[in-house]
Amino acid sequence: MDNGISYLNIYLHIFQTQKDILFGKMVIKMTEIILDTDIGSDCDDMMALSWLIYAQKSGKVKINAISVSHKTDFAYGALSALFDAFDTELPSVGQIRNGLEEFKDNYCQKVAEKFPGGRYTPEDSVRILRRALVQTNDKAILCGIGPMTNIASLLKSVPDGISPLDGRRLLLEKCSKIVLMAGNFTEDKNGVREPEWNVKCDISAAKLIMEECDNEIVILPYELGIDMITGEKLTKELGDTHPLTYAFICFNGEARGRHSWDPATVLYAVQGCGDYFQESEPGVIRIGEQGESFFTPQRNGKHKVLSLKLLNGESETAAKKRISEYMDKCVEDMIDKKIGGTVIV
Ligand SMILES: [Ca+2]
């Protein structure tokens, strides 16, 4: 009798759940992400985007918008080519109006011309970022994998037709966490800290974000992504026939993999620490005048720095290999159509 009631209850629950899903009543809690990228500078942005598309196809995340932090005319075309190749709709794309001068496009033009399709002049990145935050259901994760110019401009933005809130308030209301690939916290034997590239490209933007943003900020530093090689097998297999691997070849000059600063950053943004990362205690990150990064633990600090999670006494090399193999496998499975979103034949 008890079992009968239990089974009936379970059946009714499943029936109700399916009905709710069908009629849109049930909101399945899914991470929403907004990505800021300097696609074209380093090919690891393309791997990060590919893994993010995998995560969306797998139901782990929804990509609300993408903003581009440099001015090349071909960023939209390269994004469009990548999303087309994975049979995925491109979300809203914004692009900076006054970008950094030192940016060099290592592959966007080549990818956009080899895989033509998307031709569009994106709207201003700050407007896209503000709108994406306003339209977020709950709170989105803002993930930055390039120089922080766009995110600093968002932080400084003033109320407009999109939202009555300034950027600082809007971020606090609609962004649960900012995840950035940034910083190098290791001193060399002379006590010198080499400024990390994303910070060095726009030091004032990085300083502004660390000093004036009220959100929790988690940093994936240079030390974590280096020597975590992804894309090698795929690039050798697919060569110039796929936008992802063609970008790798354009950047590297040959078919080989690349360090995974940006893929590891989006992996953490979507899945949290899991078996791969650990967060430092809370603290404060300070950016020096030359772009050096310093972290000081502080009980009420809003910043955290990620490090590797080592399982069963494994070495750092083994942990990095474990993470890169996981990300590679995800993207390979997507290309082999082994995951949702595409028809398996
Ligand atoms: Ca990048």
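## The loop between β11 and α14

N312 lies in the loop that connects β11 (303-308) with α14 (316-335), where helices (H or I, at least four residues) and strands (E, at least two) are DSSP runs numbered from the N terminus. Although N312 is not a glycine, its phi is positive, at about 50 degrees. N312 counts as exposed because 5 other C-beta atoms lie within 10 Å; a residue is exposed if 12 or fewer other C-beta atoms lie within 10 Å of its own, buried if 20 or more do, and partly exposed in between, with C-beta atoms placed from the backbone.

This is a predicted model, in which local features need pLDDT of at least 70 and side-chain atom pairs count only at pLDDT 80 or more, while totals for chains, interfaces and linings use all residues. Residues are numbered from 1 along each chain as its sequence is written.

## The loop between α10 and α11

D227 is found in the loop between α10 (222-225) and α11 (232-238), and this residue, which is not a glycine, has a positive phi of about 65 degrees. Because D227 has 13 C-beta neighbours inside 10 Å, D227 is classed as partly exposed.

## Strand β7 and its partners

In strand β7 (residues 217-220), I217 and I219 point one way and V218 and L220 the other way, and all are buried.

Strand β7 pairs with β6 (residues 175-181) in the parallel sense over 4 bridges, pairing being assigned if DSSP finds at least two bridges between two strands. Strand β7 also runs parallel to β11, to which 3 bridges join it. I217 in β7 stands opposite I178, and I217 also stands opposite H303 in β11.
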